[in-house]
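Please look through the structure shown below with its ligand in view. The text after it goes from one residue beside the ligand to the ligand's surroundings, and then on to a set of paired strands.

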Amino acid sequence: MSFPKRFPNATVVSSEILGEKLKFPNGRTAPNRFLKAAMTERFSTYSPENPKKHGLPTEQILNIYDKWGHGQFGMILTGNVAVDPTNLEAIGNAIIFKEGDSSERRALFTQWAQKMKQDGGLAVIQLSHGGRQSSIWANRTPFGASDVELKTDPPGTMYGKPIALTTEQIRTEVIDRFVYAAKFAYECGFDGVQLHAAHGYLLTQFTSPTTNTRTDRYGGSLLNRNRVIIEIYDKIKNEIPSSTGFLIGIKSNSKEFQEKGTTVEDAKFLCEAYEKRKFDFVELTGGTAEKFVFAHERESTKIREAFFVEFAEAIRPVFKNTVVYLTGGFRTVGAMVDAVQRNTTQGIGLGRPVTAEPDLPKKILNGSVHSAIQDAFNPNDMIKQILASGSQLEQMGRNSVRKAGGDVMDQISDYSDERTVEVFNGKAMEMFGNIQKDAMAGKAPKMLVVMG
Ligand SMILES: Cc1cc2nc3c(=O)[nH]c(=O)nc-3n(C[C@H](O)[C@H](O)[C@H](O)COP(=O)(O)O)c2cc1C
């Protein structure tokens, strides 16, 4: 039996600090500092003609979270769950919407939460609305903060031209839908929700000056552009008070990396508002579909691994009570411990490393490993890496932990093996060809995980 190759850990340090509890403003605690970051699964049902059956979590989803539920995370996030059945990030998103409420949906989401909480971690749903970044295969005329179309080449191939929400629709189609979904999550036993206000989805379309050209109270100043998020938060708090222990967090961009996009100063202003409002946690990330940033933009951050470390440090001082997580790039215990010791972040978010190894936190905390598995992909080939993670999600979904004889690594490809990567690359090329053919024939492409 061969062991996967791991990232070289410059200094072997104790992981003890990563096992410390995190206390949230509402009094709840996470048992340790690890966060399983949101990764879109796309394994829920797709049935827009029959709302009762649309966006239901499947056995694959339950199996995937069964694996992470044995991984010793302090908090586990779902992939983006849509709050609107027609504004999906992708076909296959799980959806929570009042028109589709049923005992079946409630039972499946309840089981999902149970799978996530098996070893004591907090189960949190990431709530999202695709806005102008809704998949064109699900909706050719999505809602947007304004009617600014996402540029693709050739135009209109991936995303349709958005329709600007009216002021009234912001209440009925956005705020009310987020609040309904949060209440549903609470009633199904989840410990909290995270508002997806990053990577260019609807809530970021409000906060970003590039996509918000509104002149009502939701546009103009940064205070106005942040209003929809604050109103969602206030209404959720009204429905589910802090005394219940239900967490409300947000995934927020530290910087948008695109012309005239959200700057670090803007992000700091937004985060100040979240701290003041007593959001339980903020997860810092960066980028949009216009500019993916799941890799190093600057040489200076490479040594510290986390892509957004410099931006997080600029924003960090605004947080006094709100817990901060930083996601993107962490691969070695040395860098994770360093980020916590320097107080750059309190929590460590992990994405791609935990599709390769769903119990990475457990192994780090018991000292049996000191870094993540190092894949053999070209480090600049982000699309392949993301696709590879998507393929590992599919593999995780095949069996429950019990059926896999207790092995959480059951059937997961080892992409640290060059031969396996070669085979994967061949299959990916084949898939890209099929996607192109399907797209030309006007058919929805099969299995293309880009980013949620
Ligand atoms: C397959 C895949 C799907 C993703 N889907 C989501 C998502 O649904 N919501 C989200 O906020 N981020 C999503 N992301 C981004 C991750 O949460 C994370 O920010 C990113 O992978 C960087 O962290 P990493 O370097 O540890 O992978 C996704 C990433 C991957 C690889």
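Asn-80 is part of strand β4, which spans residues 75-82, and in this predicted model Asn-80 counts as buried because its relative accessibility is 2%, where the cut-off for a buried residue is under 20%. The side chain of Asn-80 takes part in two of the polar contacts described here: one is with the side chain of Thr-40, at 3.3 Å, and another is with the side chain of Glu-89, at 3.3 Å. The backbone of Asn-80 is also involved with the ligand, since one of its N or O atoms lies 3.1 Å from a ligand oxygen atom.

Thr-40, the partner of Asn-80 in one of those side-chain contacts, also meets the ligand through its backbone, where a polar atom is 2.8 Å from a nitrogen atom of the ligand. A further backbone approach comes from Gly-329, which has an N or O atom 2.9 Å from an oxygen atom of the ligand. How much of the ligand's own surface does the protein bury? Taken alone, the ligand exposes 610 Å², and the protein buries 100% of that area.

The ligand is surrounded by 22 residues, of which Ala-38, Thr-40, Gln-126, Gly-351 and Arg-352 come nearest. Sorted by class, this shell consists of nine nonpolar, 10 polar and three charged residues.

From the ligand we can turn to the strands, beginning with β9, which covers residues 247-253. Seven of the seven residues of β9 are buried, and therefore the strand is largely enclosed by the rest of the structure. In a regular strand, side chains alternate between the two faces of the sheet. In β9, Leu-247, Gly-249, Lys-251 and Asn-253 point one way, while Ile-248, Ile-250 and Ser-252 point the other way, and all of them are buried.

Which strands pair with β9? Strand β8, residues 192-197, runs parallel to β9 and is joined to it by six bridges, and strand β10, residues 281-285, also runs parallel to β9, with five bridges joining the two. Lys-251 can be used to follow both pairings, as it stands opposite His-196 and also opposite Glu-283 in β10.

The pairing continues from β10 to β11 through four bridges, again with the strands parallel, and here Val-282 has Val-324 of β11 as its bridge partner. Strand β11, made up of residues 323-327, is mostly covered, with five of its five residues buried. Val-323, Tyr-325 and Thr-327 point one way from β11, whereas Val-324 and Leu-326 point the other way, and all are buried.

Beyond β11 comes its pairing with strand β12, residues 347-350, in which three bridges join the two parallel strands and Thr-327 has Gly-349 of β12 as its bridge partner. These two strands, together with helix α9 (residues 333-341), make a right-handed β-α-β unit.

A last residue to consider is Arg-304, which is found in the loop between β10 and α8. Is Arg-304 buried or exposed? Its relative accessible area is 15%, so Arg-304 counts as buried, and its side chain makes a polar contact of 3.3 Å with the side chain of Thr-344.

Notes: Residues numbered from 1 in each chain as written. Predicted model: local features only at pLDDT ≥ 70, side-chain atom pairs only at ≥ 80, totals over all residues. Heavy atoms only, no water. Near = heavy atom within 4 Å. Polar contact = N/O pair within 3.5 Å; in protein donor to acceptor, adjacent residues only side chain to side chain. Areas by Shrake-Rupley, 256 points an atom, 1.4 Å probe, with all protein chains shown as cover. Nonpolar A, V, L, I, M, F, W, Y, C, P; charged D, E, K, R; others polar. Buried < 20%, exposed > 50% of the residue type's maximum accessible area, 1.4 Å probe, protein only. Pairing = 2+ DSSP bridges. Right-handed = clockwise from strand over helix to strand, strands pointing away.
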